[in-house]
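Thanks for coming, everyone. I'll put the structure up and then walk through how the pieces meet.

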Amino acid sequence: MTYGPHTDADRARMRAALGIESVDELFADIPLAQRAGGLDLPPPEPESVLVERLRELAARNRVDLASFLGAGVQVHHAPPVVDQMLLRGEWYTAYTPYQPEVSQGTLQSIYEYESLIAELYDLDVVSASHYDGASASAEAALMACRATDRQRVLVSRGVHPHHRETTATYGSGAGLEVVEIPLEAEGEAAGTTDLSALERLLADGGPVAGILAAQPNVLGLLEPMAALAAAAHAAGALFVAVAEPVSLAVLRPPGAYGADIAAGEGQALGIAPQYGGPYLGILACTDSLVRQLPGRLVGMTRDLDGERAFVMTLQAREQHIRREKAASNICTNQALLALAASVWLAALGPHGLRDVAALGAARAASLEAALAAVGAPRPHRGPYLNEFAIRVPNAREVHHRLLERGILAGIPLADLLPDEPSLADCLLVCATEVTRPEDIDLFASALGEEIGR
Amino acid sequence: MSVTGRRLQPLLFELSRPGRMTRRVPEPPRDALDRIPPEQRRDGLPALPELNEPELVRHYVNLSQLNHAVDTGFYPLGSCTMKYNPKVDEWAARLPGFAAAHPMAPDELVQGTLQLLWELEQALCEISGMRAVTLQPAAGAHGELTGALMIRAYHRDRGETGRTEVLVPDSAHGTNPATASMAGLTTVHIPTAADGGVDLEAFRAALGPRTAAVMITNPSTLGIFEARIGDLLEMIHAVGALAYMDGANLNAIMGRYRPGAAGFDVMHINTHKTFSTPHGGGGPGAGPVGVGERLEPYLPAPRVVREPDGTFRLERTAERPTAIGRLRSFVGSTGVLVRAYAYIRTHGGSGLCEVTDDAVLAANYLKRRLADSGAYDIPFEGPCKHEFIASAATIKHETGVRTLDIAKRLLDHGFHAPTVYFPLTIEEGMLIEPTETESIDTLDAFADALIAIAAEAHDAPDTVKTAPHTAPTRRLDEAAAARQPNLRWRG
């Protein structure tokens, strides 16, 4: 076998110990009518051939374009030290720390992750178990319903559409009513959550369990999170902030504006885009909600000798103990991705993280100025951090023509937000600290030519 | 090589010294944030640790060495399939063309990944005997939820909204009943018969017009193939319910039993188990779901579509209105799926069959060695599949030493413990899964260690009861951790 150790002699020894002639005898309990006779798949591929096949497939992807694409996944500098640490087999070939005495590495790293994210989000408790920002947002909505014993959730349309759709899917299982809050169409606050529409939704219909809003929102704009939190609390609802983690180096953290729960996509913290995952769902809350928090939690304790050590705790919330009464069916956790996030944050430190966020904001401002100068202004007036919409005639067609010139001009909002027709002629573009000034110039001049056609 | 010695490490935060950093990005202009309104700005910086790279590296390398891992030793954790992970799979996932591909990139920029995903779907269809596969779920439990929501949608479309119950054998993983609850369904527990299979009479009594589905793990978490599976499937379909196969134990049946072909309607596959994508201290995984004809219309969107001209694309928004909706962002945990693809290609059809045959042979060999020793109770005789149950019930009655103690004593021998006290129905149970990648020498050494510990339980019970003795920590005070939770560093 390719990676197995057994020689024919080993197998013969095992069969002899079992008193069988053929391994087939070990499968005699499968009903005859249901037995399969092998697999119709290609033959085994030697490693050298496989390597060529994989190289060739990977080379068919185009990752060499000047990219201004964000829309939920932002590319940041990846210090090589992060992946070097992740490649240690002691990390990635271990499993859930069921035997804490020989799992202190994983346990301490999860505790450190919980502490780092709690500090960044200014909340008390963090679970490292979530798949991505979308499923973490959905779990946050379910938490709010359990905590308030209410069944109605309001989700701003400023939340990424994949997060909204996932929340709706999870909500359909749990029998929740998930209602969307529209965005302001015009004025200074255009593109952010419509506060008066929110007031109407709070006044009409059943009591609200939670309100979800994103910071920055899907259009890159800064939301009035303090006002949204106050509106939620006035209605007896919880406030869920879907907050982008890198931005929290410079933006007010969820705990500071009264969020009860925070969710977020952790991919930006040192995790490669990988066409969709695996990513890291950030889920954090205040102390008072800890028993509603799904997923594994690691706490500090002592061993028999009084030495500090770490252990999975509060497991009475979880599926393997509570079964159908568990807070969630979450079983796996994202420990390796949480580790990536921790190493990335520690590799940058507070000043480095601030520089990443601030340089991204500066590059985005350069991008805005360059694009506006060639006739592609922003449709919104409110502040943004490092992602924003631009208005471009024939946005989809221009986007396609720029692709042929080696530029990935963000994403047409007609594709990302088909339910916002007023933004159909817009592109959503993003810059981070790794966006090169020469690519900004290239994008602007090419866009100017396309608009001028 | 075992994890021994007291090498506990300080926390990142305790290593922090003001002013230490490794500069990695250019300094931003001073006015970079002036356009952000003051009320939106953070007060000061988050109190993250400040370290240089050498300290950072030592911290994480030293911490990693406190872990037992497949790369360092035997990990017979039942129901988790802790097999060796071929390094080429890790290498493949890091190829820049795969790793740097943006999930919102237009289809024409990601033809390589889309082709890989499409081919992986075909391979998983063949292995599972299912008609179609979604790669979207991020884990086995996530796949279960996907399946349960599709089952609900199927019954709803037929006007059968009264089907609200899911039958789950009592040996099932806890995720099964937890999933049913998340999907708004009620769990009905079915007891296990003396032979380890489903209790047929209880099963028949519980089935009815309220049954939405039955979730069956086959082979079960007792390592036993459900010999009456043909009858069960017939009974399920006869009352209009659907059959869900928990594929956690797929490693035991590749090429021997194809659940879709046998009549199951839906099944999830834990790629991190069978296809050796790394467990990563608990994750990430991936939980593709295969379905038969009945459920294919409900697969979550977007699916990968192969066009007649041989190019690939993702389904467009609302292209398939029967889809149950999204369960996560983007198309799936592609990085995990690249590893699974590489694994399946390396082994090919014959190699995957050999994986199963060797995994089952190794489990039976180990079981026989323990049975012959007489040191442990072996509750279920006859061939097992890829894992089996041993029990320390007799040892406990005779010596007071429990399975938990034996598990901890194994750590001193350099082995990870089996899964203990699962399934919950077995007194002092241990679920042992050796996988196909452990040599006969390792299997023998592990059996010898277990047998020696059983003798020690009689001769020196206190040594076993106070184990581990050579691990980085002694036993932990779990009660204190839960009573006064300390879940973050506060300096």
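Let's start where the two chains meet. Chain B puts 172 residues into the contact, and chain A puts in 164. Keep in mind that this is a predicted model.

Which helix gives the largest share of the side of chain B that touches chain A? That is α12 of chain B, residues 334–373, with 22 residues. And the make-up of that side of chain B? We have 96 nonpolar residues, 50 polar and 26 charged.

So let's stay with α12 of chain B. Two helices of chain A meet this helix, and I'll take them in turn.

First partner: α1 of chain A, residues 8–18. The axes of α1(A) and α12(B) come within 9 Å. They cross at roughly 50 degrees. An angle of that size is neither under 35 degrees nor in the 65 to 115 range, so α1(A) and α12(B) count as oblique to each other. The crossing is left-handed.

Who is touching whom? From α1(A) we have A:Arg11, A:Met14, A:Ala17 and A:Leu18. Across from them, α12(B) offers B:Leu361, B:Asn364, B:Tyr365 and B:Arg368. By class, this contact has 5 nonpolar residues, 1 polar and 2 charged.

Second partner: α2 of chain A, residues 47–59. Here the axes of α2(A) and α12(B) come within 10 Å and cross at roughly 140 degrees. That again makes the pair oblique. In this case the crossing is right-handed.

The residues, please. On α2(A), look for A:Glu47, A:Leu50, A:Arg53 and A:Leu54. On α12(B), look for B:Ala342, B:Arg345 and B:Thr346. The contact divides into 3 nonpolar, 1 polar and 3 charged residues.

Now let's go inside chain A. The domain assignment gives two domains. Domain 1 is built from 66–76 plus 349–452, and domain 2 covers 80–344. Their C-alpha centres lie 27 Å apart. Each domain brings 23 residues to the contact between them.

Which elements supply at least two residues each on the domain 1 side? Those are α11, residues 335–373, and β11, residues 387–391, both of chain A. Of the elements there, α11(A) gives the most, with 5 residues. That side of domain 1 has 14 nonpolar, 6 polar and 3 charged residues.

α11(A) has another contact to show you. Its partner is α14 of chain A, residues 437–452, and the two axes come within 8 Å. They cross at roughly 20 degrees, which makes α11(A) roughly parallel to α14(A). The crossing is right-handed.

From α11(A), the contact uses A:Ser366, A:Leu367, A:Ala370, A:Leu371 and A:Ala373. From α14(A), it uses A:Pro437, A:Ile440, A:Asp441, A:Ala444 and A:Leu447. By class, that is 8 nonpolar, 1 polar and 1 charged.

Back to chain B, and its domains. Chain B is divided into domain 1 at 12–64, domain 2 at 88–346 and domain 3 at 354–465. The C-alpha centres of domain 1 and domain 3 of chain B lie 48 Å apart.

Next, the sheets of chain B. One is an open sheet of 7 strands with mixed pairing. Read the order as β1-β7-β6-β5-β4-β2-β3. The edges are β1, residues 132–134, and β3, residues 186–190; each pairs on one side only. From one strand to the next, the twist averages 25 degrees.

Zoom in on one pair in this sheet. β2 of chain B, residues 165–169, and β4 of chain B, residues 211–217, run parallel over 3 bridges. B:Glu165 stands opposite B:Thr211 in β4(B).

There is a helix here too. α7 of chain B, residues 175–182, lies across β2, β3, β4 and β5 of chain B. α7(B) runs at about 175 degrees to β2(B).

Last item: an open sheet of 3 strands in chain B. The order is β10-β12-β11, and the pairing is antiparallel. β10, residues 388–391, and β11, residues 419–420, are the edge strands. How many bridges join β11(B) to β12(B), residues 429–432? There are 2, and the strands run antiparallel. In that pair, B:Thr419 stands opposite B:Leu431 of β12(B).

That's the tour. Questions, please.

Conventions
Residues numbered from 1 in each chain as written. Chains lettered and ligands numbered in written order. Predicted model: local features only at pLDDT ≥ 70, side-chain atom pairs only at ≥ 80, totals over all residues. Domains from an automatic or database assignment. Contact = placed C-beta atoms within 7 Å. Helix = DSSP H or I, 4+ residues; strand = E, 2+ residues; numbered from the N terminus. Nonpolar A, V, L, I, M, F, W, Y, C, P; charged D, E, K, R; others polar. Pairing = 2+ DSSP bridges. Axes fitted to C-alpha atoms, helices over the stretch in contact; angles between N-to-C directions. Parallel < 35°, antiparallel > 145°, perpendicular 65-115°, else oblique. Left-handed = near helix turned anticlockwise from the far one by under 90°.
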